[in-house]
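Dear colleague,

Please find below the structure that I am handing over to you, together with its sequence. My findings follow directly after it.

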Amino acid sequence: VYIDEDVRTDTYIVEEGLGNKILLIEKGMTIKDRFLITFLDNYKRVLNNVETVVIAGSLPAGVYFDFVGTLADVAFFEDKQVIVNCKENILNKIIGKRKFKIIKPDVRDTDKLFDLEYKNLENRLTLAKKVLGKGAEIFILNYADFAYFIANKQRCFQVLVKKNSVKNIKSMIGLEDGFLAGFIDGLGQACALEEAAKKGLATAMANAQTINNYIDNKEAMEEQV
């Protein structure tokens, strides 16, 4: 959607020799209502070409919290499955009213989710029951680098890499996007939940080994499985 203000630009600085990485995030603009209307019109049109909708990230200034709920409802009306990867303040507005395929909270800048410290396994189990009980089919929680807790109403498990098994890490930006993409692709190929999780982890690992934060080819991911 074209807007009449400067678009936010994020800058990622990598000092390869030192291993230093710096992310500079601009504040961005306030979104006016007319741009939201245009966005919704475009969104409704592209829904005809997809089976799954992933709603991820944060909301710019000017966008109401339940806008994510609006996007989900439009997708549900068109019989699409919806996956949400957002922060707790957004999840609080949308869960409990809708049936999501996957809810993966964005916990990159916090050690707590719904007032529970998720580093604790018992708390992860409690969080899974809470989120699954509010309408999610699958709950995913990234509780450490390359470590994921996955649950549905039948079972739960954790997938993680062994210490020192991930080499040549160049960027941690986009790591969670990589995991979710690989996991969704695995589900789309009718993989079992555990196999989809392995594929997600392999995609995240391959993603972290590229300076550009994306995988250049499918083979790069398959080598990690």
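The notes below cover the pockets, one helix and the nonpolar cores.

Please bear in mind throughout that this is a predicted model.

I begin with the pockets. The largest pocket has a volume of about 850 Å³. Its lining is made up of 30 residues, and those nearest the centre are Asp106, Arg108, Ile173, Gly174 and Glu176. By character, the lining of the largest pocket comprises twelve charged, twelve nonpolar and six polar residues. At least two lining residues come from each of β2 (20-25), β8 (136-144) and α5 (175-188).

The second largest pocket holds about 730 Å³ of space. It is lined by 28 residues, with Ile31, Ser58, Leu59, Pro60 and Val63 nearest its centre. Here the lining divides into 22 nonpolar residues, four polar and two charged. The elements α1 (33-46), β3 (52-56) and α2 (67-77) each provide at least two residues of the lining of this second pocket.

Helix α5, which contributes to the lining of the largest pocket, merits a closer look. How far should its 14 residues span? At 1.5 Å a residue the expected span is 20 Å, and the end C-alpha atoms of α5 are 20 Å apart, so the two values agree. The buried residues of α5 are Leu175, Glu176, Gly178, Phe179, Leu180, Gly182, Phe183, Ile184 and Gly186. Glu176 therefore appears twice in this account, because it is buried in α5 and is also one of the residues nearest the centre of the largest pocket. The cover over the buried residues of α5 includes the strands β3, β4 (81-85), β5 (100-103), β8 and β9 (147-151), as well as the helix α6 (193-208). After α5 comes Ala190, which has a positive phi, near 60°.

I turn last to the nonpolar cores. The largest nonpolar core contains 40 residues, and Tyr43, Ile55, Leu113, Phe139 and Leu141 touch the most other members. The element that gives the most to this core is α2, with six residues. Which residues does Tyr43 contact, leaving aside its neighbours within four places in sequence? They are Val53, Leu71, Ala72, Val74 and Ala75. Apart from the largest core lies another, of 22 residues, including Ile102, Ile140, Ile150 and Val161.

With kind regards

Technical notes. Residues numbered from 1 in each chain as written. Predicted model: local features only at pLDDT ≥ 70, side-chain atom pairs only at ≥ 80, totals over all residues. Heavy atoms only, no water. 1 Å grid on protein atoms, 1.4 Å probe; cavity = no way out; pocket = protein on both sides within 12 Å on 5 of 7 lines; lining within 4 Å. Points joined across faces, edges and corners; volume = space filled by probe spheres on them. Helix = DSSP H or I, 4+ residues; strand = E, 2+ residues; numbered from the N terminus. Nonpolar A, V, L, I, M, F, W, Y, C, P; charged D, E, K, R; others polar. Expected span 1.5 Å × (residues − 1). Buried < 20%, exposed > 50% of the residue type's maximum accessible area, 1.4 Å probe, protein only. Contact = heavy atoms within 4.5 Å. Core = buried A, V, L, I, M, F, W, Y, C linked by side-chain atoms within 4.5 Å.
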